[in-house]
Amino acid sequence: MNDMITGSPVRRFLIKALIFISMIMAGDLLTGSILRTFYFQQTEGSSYRTTLAMEKTQADLLIFGSSSALHHYVPKVFTDSLAVSYFNAGRDGQSVFYFDAVLRAILKRYIPRMIILDIHPKQLFRMQESYDRLSAILPYYRNHPEIREVITLKSRFEKYKMLSSIYPFNSQIFSILSSHRMLHPTPHGDESGYVPLRRSMMAQPRDTITFRPEMKIDPNKIEALDQFIGNCVQKGIKLYVIQSPGHWHYPDNISDTALAIILGKYSVELWDYADDPQFYTRTELFQDLSHLNHDGAVIFSSVVAQRMAIEPVAEYVKKHRASDVSVSDPGYIRPND
Amino acid sequence: MELAEIFKQVNEIFKDIFEEDDIVIEAETSAKDIDGWDSLTHMQMITAVEKHFKIKFELNEILNFKNAGDMCRLIQTKLG
Amino acid sequence: MLFNSFEFLLFFPAVVVLFYLTPHRWRWLMVSLSSAFFMAFARLDFVLVILSIIMVNYLSAILMERSAGCYGKKWALAASLILDIGLLSYFKYFNFLADNFNSLFDLLGLNLDIPHLSVVLPLGISFYTFQAIGYNIEVYRGSMKAERNLPLFLTYLLFFPKLIAGPIERAQNFLPQLHSRISLNFHNINSGIKLMIWGFFKKLVVADRIDIYVNAVYGNIEQHSSITLFTASVLFAFQIYADFSGYTDIARGVARVMGFRLMENFERPFLALSVSEFWRRWHISLSSWADDYIFKPIVAQKRYWGNWGVLYGVIITFFVIGIWHGPSWNFVLFGLFQAVVIFYELLTKKSRKRFRKKLTSPLIKGLHNHSTRILTFLFITFSMVFFKAPTFDDAMMILSRVATFETGTLFLGSLSTFVFAWSGIVFLVLAEIRREYGWFDFGFLSNKYMLVRLLKYSLLVLIILMIGVFDGGQFIYFQF
């Protein structure tokens with residue numbers, strides 16, 4: 001091989017560089033395609049549940065939110081008492097950007113009847129990880145043009161990073177393989193999307209969390225939430241916005257104030273169980289300070305389902321398409337520095 | 001004093017400090033050639049040399065020693 | 001701008017092409033401007049700080065050389081040192097000093113209340129002030145000439161590859177390189193890019209992956225078992241090594257592509273047989289700096305104190321090394337631990353050597369070596385707990401919880417993070433052993449065929465793409 005390349009050092013170098021780059025590109029393409037194939041052959045785990053949410057589910061009732069959505073809404077309670085099909089699209093550690101993207105993908109396929117959006121008290125603060133964790137939906141970038149706008153929030157270079165076929169599956173090889181259908185041929189219980197928590201927390205007094213003053217409301221999140229609610233209203237989906245029980249107390253939360261303004265814009269009521277004593281006084285219903293365990297989730301779900309059954313679903317919607325409140329209304333957004 | 005004689009006497013001091021009887025120092029000998037030549041033995045060696053020849057080095061001179069030859073030549077100048 | 005940012009991926013090739021297109025006499029301007037851009041990417045006013053350091057040190061060195069008398073020379077040195085250290089202290093240590101004075105006077109019943117300053121630490125200030133100080137001391141000692149060429153001196157301190165995280169390059173090594181004419185050399189480009197790839201591997205695949213686990217554990221110390229805290233502490237030692245040496249390798253690689261040689265900063269420190277040896281292999285540009293400009297002068301001056309002079313020198317040196325890392329007592333403690341052990345090692349060196357001579361069987365000798373190696377590593381791990389823990393109390397809590405040896409399960413976080421982290425470490429350690437001892441030097445690793453060597457580095461790039469950590473998207477979701 002060495003003898004073949006003669007001539008000037010410049011030529012030699014250029015050939016070498018060319019070989020090197022083509023090796024990387026070929027390897028990237030090959031590995032990337034294998035990862036992609038295997039990614040969509042998973043039969044359990046959070047990526048699998050995201051695929052179900054974006055590409056498969058046809059359920060009447062969808063649950064959106066982060067961990068408190070994923071672990072607090074028990075499918076059987078809703079299917080039994082409301083006679084609807086159920087899917088939980090919640091994902092640990094995700095933010096309103098993710099909910100927005102998943103809903104966009106779903107609305108390309110069908111219109112669900114009802115949506116529960118579980119909003120954590122910290123949900124609307126600016127946090128870098130909310131952007132970084134959008135990596136969870138990079139595998140869908142190629143086939144879902146509707147979510148690309150959301151992904152650009154992650155970084156303005158994302159479009160160029162996607163030139164690599166491996167990049168969307170970065171860090172996932174281990175979970176892709178361990179959740180592959182070869183290892184889990186039969187359904188694993190992830191089909192409803194719900195993930196129960198099983199342990200109980202030790203009894204402890206309720207903590208009060210005050211937010212550090214440098215925590216700011218994120219205008220991008222306000223916009224994403226506005227988009228999400230606007231989509232629901234526009235498509236005639238009955239939307240329930242819920243704050244689930246937590247063992248932490250957040251007084252004077254500007255995130256809540258911002259939320260209230262958006263909900264007000266669309267006349268959506270907030271069902272607030274965050275400070276509901278029937279939960280926070282009973283530590284045995286929690287797994288940790290911000291998550292109910294399965295027992296707690298069953299009780300909480302029936303409370304929610306009963307209230308949903310009473311609420312007049314039918315007369316809802318159409319009237320709220322108000323656009324008179326500007327999203328960037330400085331009334332609730334603190335200017336960035 | 002002859003440089004060779006200085007080398008010989010310094011060599012004896014080295015043997016004593018490093019507890020090695022087969023050390024032979026040359027002009028180019030430096031810390032990396034002798035096992036155990038560290039800051040502690042270096043200063044022990046310098047004070048022993050100062051005492052033996054009844055001279056005193058300046059701070060700058062000590063810091064600029066690169067090898068045994070540097071030191072021996074300086075000893076010769078100081079004695080001379 | 002950080003090396004592991006997408007911006008750098010665009011910046012770097014552009015700078016290299018510009019560099020080789022620029023004629024020699026204008027390269028200083030090109031390098032300085034791109035360095036200023038690199039720095040101003042964080043904040044523009046950082047550039048003003050470094051420019052004032054550059055001017056002061058440039059002038060003081062020339063002044064020292066011109067003044068014939070001993071006094072003028074001393075004054076010029078003192079002035080530059082006061083300005084360098086003063087500026088560094090103002091930005092880095094003011095609040096720390098204020099806190100300590102406030103609480104000291106509180107103890108005396110006086111209310112001092114020095115207010116806090118809200119200043120941002122200028123990028124790389126700890127690195128370039130130390131380089132400037134070293135340069136001035138060298139000129140003072142007469143071991144190098146003052147640089148008259150201001151553009152070149154400017155380039156020396158601004159040079160962007162070493163701006164953020166070193167190495168703390170010596171003027172006597174770097175200034176001559178700036179004077180010499182650098183021509184396009186493909187060998188440099190080759191080896192530079194290889195160094196960079198290896199550096200990115202260490203930083204993105206090993207260090208940043210471990211970081212996810214360590215943060216999940218150190219963020220909730222109370223909740224974790226003895227074995228988990230111990231594991232996290234060991235991992236942290238590897239993290240800091242992979243992070244820092246990876247960053248240095250990228251810096252050296254970037255410089256090499258442009259034809260410059262920056263000094264080696266790490267030489268497989270975890271293979272050291274003693275703490276003293278560790279510090280000759282760890283952050284060499286800092287430890288040798290401290291050796292040349294703090295330790296040696298103190299010990300030489302206090303040579304009549306005998307061992308006490310050495311103890312005094314070791315303590316001062318490691319106090320400075322410790323607090324150089326950051327304004328906190330934990331860093332001071334980190335340094336003092338090193339000082340104590342190194343002093344002990346100096347005192348017992350001869351007896352330990354005699355002991356080792358008595359070991360005749362190669363098996364026992366090997367065992368002895370390995371156990372001292374592990375002991376050294378464990379000590380470093382222990383001292384680095386003070387590096388990572390935010391407060392003294394946190395560090396003590398970690399140590400005391402480790403020391404209970406209570407049974408408890410090992411927290412894995414997410415299994416993939418744990419597996420990636422350890423595979424990265426194993427790979428790194430094997431590579432280090434190979435470099436140190438030349439073991440498993442066969443076939444694939446150092447092949448005579450160019451194609452195989454290229455394949456090796458392209459595989460490394462693919463691994464980085466596959467399991468490197470590019471942002472905070474990877475996380476351990478923490479539920480108790």
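The following exercises, each with a worked solution, concern the architecture and the contacts of a predicted three-chain model.

In this predicted model, local features need pLDDT of at least 70 and side-chain atom pairs count only at pLDDT 80 or more, whereas totals for chains, interfaces and linings use all residues. Residues are numbered from 1 along each chain as its sequence is written, chains are lettered from A and ligands numbered from 1 in the order in which they are written, and side-chain values use heavy atoms, with hydrogens and water left out.

**Exercise 1. Describe the fold and dimensions of chain C.**

Step 1. Chain C has 19 helices and zero strands; helices (H or I, at least four residues) and strands (E, at least two) are DSSP runs, numbered from the N terminus.

Step 2. The radius of gyration is taken over C-alpha atoms, and the globule rule is 2.2 Å times the number of residues to the power 0.38. For 480 residues, a compact globule would have a value near 23 Å, and the 24 Å of chain C agrees with this.

Step 3. Along its principal axes, the C-alpha trace of chain C spans about 70 × 70 × 55 Å.

Step 4. Of the 480 residues in chain C, 54% are buried (under 20% relative accessible area; exposed is over 50%, partly exposed in between; 1.4 Å probe, protein chains only).

Step 5. Contact means heavy atoms within 4.5 Å. Of the contacts in chain C with a separation of 6 or more, 74% are between residues 24 or more positions apart.

**Exercise 2. Characterise chain A by the same kinds of value.**

Step 1. Chain A has 13 helices and nine strands.

Step 2. Buried residues make up 56% of its 337 residues.

Step 3. Among contacts in chain A between residues at least 6 apart in sequence, those joining residues at least 24 apart make up 84%.

Step 4. Chain A exposes about 15200 Å², with carbon and sulfur atoms supplying 57% (Shrake-Rupley method, 1.4 Å probe; for residues, only the protein chains shown count as cover).

**Exercise 3. Which pair of chains shares the most contacts, and how are the interfaces composed?**

Step 1. Two pairs of chains are in contact, and chains A and C share the most contacts. Chains A and B have no contact, and their closest C-alpha atoms lie 39 Å apart.

Step 2. Between chains A and C, 40 residues of chain A meet 35 residues of chain C. Together these chains bury about 3500 Å², 70% of it on carbon and sulfur atoms; buried area is the accessible area (1.4 Å probe) that two parts lose on being put together, summed over both. On the chain A side, A:Lys16, A:Ser171 and A:Phe174 lose the most area, together 18% of what that side buries.

Step 3. The contact of chains B and C takes 21 residues from chain B and 19 residues from chain C. About 1700 Å² is buried between them, 58% of it on carbon and sulfur atoms. B:Leu40, B:Met43 and B:Leu63 supply 31% of the area that chain B buries here, more than any other three residues.

**Exercise 4. Is C:Ile321 buried or exposed, and what surrounds it?**

Step 1. C:Ile321 belongs to helix α13 (residues 307–324) of chain C.

Step 2. Its relative accessibility is 2%, so C:Ile321 counts as buried.

Step 3. Beyond its neighbours within four places in sequence, C:Ile321 is in contact with C:Trp279, C:Leu286, C:Ser287 and C:Ala290.

Step 4. C:Leu336 is 15 residues from C:Ile321 along the chain, and their C-alpha atoms are separated by 9.3 Å.
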